Amino acid sequence: MAGVLVGGAFLSGFINVVLDRLISADAVNLVVGKKLSSDLVERLKNALTDAGALVDDAELKQLDNHDVMDWLNCLRDALYTADDMLDCVYTKAATKKVTLLGRIFNSEDRKMVNKIKRVVRRIEDLEKRKGKLGLEKISTASFSWKTASTSLVRGNVYGREDDQKALIKMLNDNSEHHLSVISIVGMGGVGKTTLAQWMYNNAELMDGFDRKAWVCVSENFNIVETTKNIVREISTNTQDLDSFNSIQHALKKGLSEKKFFIVLDDVWSNDHHQWKDFLAPFQYGVKGSTILLTTRKEDVGSVVQTNYHPHYLIPLSEDYCWSVFAANASFPESNGSPTLEGIGRSIARKCDGLPLAAETLGCLCRRHVAEEWEKISRSDIWGFSINDSKIIPALLVSYHQLPSYLKRCFVYCSLFPKDYHFEKDELILLWMAEDLLRLPKRGESLEEVGCKCFEELVSRLFFKKLQDNDEYFVMHDLLHDLAIFLAGDFYWRIEELGEQEEKKVFTRHLSYFSPGRLDRPISKVFNSNAKLESLRTSLYIDDLFSMESVASRFICLRVLSFHKLDVLPESIGESIHLRYLNLSWTDINRLPESLCNLYNLQTLILYGCSKLTMLPISMHNLVNLRHLDLRKTSLEEMPGGISKLKHLHTLHSFVVGKHEDNGIQELGGLSNLHGSFEIKKMENVVNVREARSARIIDKKHIDKLCLKWSSGDDKVSNPKREREILDSMEPHNGLKELKIKGYKGTIFSDWLGYCSYKNMTSVSLKSCKNCHMLPSLGQLPSLKSLCIQSFDQLKIIGMEFLQE
């Protein structure tokens, strides 16, 4: 398969994003005045809609037509340009608050109108080329590159002894159930169908079953056709099957009082209502009747009806993958050429445990010629044609079944290296910043949408949990290759920057994860400064701002991260599109005041910036900020007006100041805080009124709370006031973890021992040197971890501590 596949539905999703920005022409006119007429906005809408109708057809035809591939690339590039301009327009509308009356149409606005006119003409011209390229409005909903399976075994089964034993046990254990559903779950090409074929053709296993049927369901689950196919398998009389009712009655008749074994191969649908209707005739069999289904989606088996957890099929070991390769290459494992075996094993490693990939490459190596094997070993699996490779369509089917927004989220992962340990929250924040997520439904937050998108990709096996740490996820090597393949020239992960390499024409997203710095400034990557303006993503390009003159040109950035950085330039304020800024563990000691011009900024990560002692005074202007990570910084106090950041979703740390505009009462308006929350310098809380104003008990989404008093003079003139302040910091009863350090009072608040804290699993009380008694923690029903340390005045532990 020459060149790079640009997903048509991927572009459809992007087109929808741009169209959403055009729903209201009022905001556009508000900024650029009457010169941007409603006719021009309508032309842009129509151009996008007309071009979007062609992308499904273009996606298929580009495989054999380089001109169509170029057409898709140009359309994608134009979409980026249109989206950048519209984002600029809306940002100005939100920040300048201007009106049409008396508005002076300035030169900057004229440039914007001219740019929009040019991109409209560009998209219209692309749509006009449809006749020359033979593009039509079609739907790929019923299209699949994958060949339907049959029950016939095509070869030996390698490395599945444990899986076979587990499935046999399930089959034998279901003898008391009238109907059992066993689901084999795994990614495309891992061998689900092969294992099902082995079961179906195992005479010993099938002994006692009166009826058998094998049906390949594939992507489109048509219950009428699927039911009819099962009837055809179990009955010779298929006449008069002209309605769904007659088909279901025929199936009921064929299965009644029979023990049956039905295989439904390659199932995708998780529509509960469809399955309920479909399964109605299967209830009339006898005990031990079984449906075996294979699927790439975790939730299919549970939706259908099952007595077992899904059986997950993991990739083969390297040795078994080599066995599959050798069998298909007709290579004698026992006495073959050592030279060829060495090359063949390196080819097998490329398959990363997928037997279908090993089969594909083995078939290509049937001629035992070292030069050809070497060439295949060096080749990218995506360089082969679909006719030569079965693994390519197997993985493409998984991709094409994704909704358009999930396609974009998946392709974005091409910016990360193979075997990268993805952190769910990190990826969600990046997807948010790049505007890849679907629009939230009523009452839904962006973070919740991102969480559902990630979980959907996990359920479809695009990610899997790391075996020794379930906080991280990894992507199979061939799926990662697929993401790179689909990303094309628009995404570029720099590994080693050669002297002749430069930024590709269409590149919008850059990343660099290799250890050490690049061997030459990133500014040398770009063959013209004009291209700097189009860059949207820079992940860990540490010398991106090596020159102030260069830095000011990165005006379209959405995402910006660094491993190393000493100074964030003032020109950062010109990057008005920026949504995500990650400066964690850098050496910066101050942030420029211009940072507060970034109206669109959603995420600011300052984790581990130990030299940072203060934030810009105008932080309250970042009204769209949702995530502010201040862990392990050296902040002395918060800037004034944090309460204006109403959208804050996470604020890991708050340092109580001594002034009215940065005291603890500023927390009162931040009702949407989630996750872990730490309040430092509690000694600056002057009175109970201030503490109550923080409204900690109303922050229902915080699951971990830490209250810290600074070390120093532990003598307190008013212990009663300290107790009352702690009383006012009572959290909601869904809290899971509580830490209190340096509390100055002599007695803890009663709420620490409330039995209503049913979710509290961890309590840590440290350096509370004036306390002479412990709270009644024995009443916490779920407490698993308790730490009590440095209680200098503790004299006795009373029975109330263990009271239940």
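Author: A nonpolar core is a set of buried Ala, Val, Leu, Ile, Met, Phe, Trp, Tyr and Cys residues joined through side-chain atoms within 4.5 Å. The model discussed here is predicted.

Reader: Which members of the largest nonpolar core touch the most other members?

Author: Of its 132 residues, these are Trp71, Ile391, Phe410, Phe416, Trp431, Phe463 and Leu482. Helix α5 (residues 66–96) gives the most to this core, namely twelve residues.

Reader: What does Phe410 touch, leaving aside residues up to four places away in sequence?

Author: Phe410 touches Tyr399, Leu402, Phe462, Met475, Leu479, Leu482, Ala483 and Leu486. Contact requires heavy atoms within 4.5 Å, so each of these residues meets that cut-off with Phe410.

Reader: What makes Leu604 and Leu628 members of another core?

Author: A core is a set joined through side-chain atoms within 4.5 Å. Leu604 and Leu628 belong to a set of 79 residues that lies apart from the largest core, and Leu670 and Ala694 are also among its members.

Reader: Why are β9 and β16 said to stand at the edges of the sheet?

Author: Eight strands form an open sheet with parallel pairing, in the order β9-β10-β11-β12-β13-β14-β15-β16. β9 (491–494) and β16 (650–651) each have a single partner strand, so one side of each is left without a neighbour in the sheet.

Reader: How do you know that β12 and β13 pair?

Author: Pairing needs at least two bridges. Strands β12 (residues 559–561) and β13 (residues 580–582) have three bridges, in the parallel sense, and therefore count as paired. Leu560 stands opposite Leu581 in β13.

Methods. Residues are numbered from 1 along each chain as its sequence is written. This is a predicted model: local features need pLDDT of at least 70, side-chain atom pairs count only at pLDDT 80 or more; totals for chains, interfaces and linings use all residues. Side-chain values use heavy atoms; hydrogens and water are left out. Helices (H or I, at least four residues) and strands (E, at least two) are DSSP runs, numbered from the N terminus. Buried means under 20% relative accessible area, exposed over 50%, partly exposed in between (1.4 Å probe, protein chains only).
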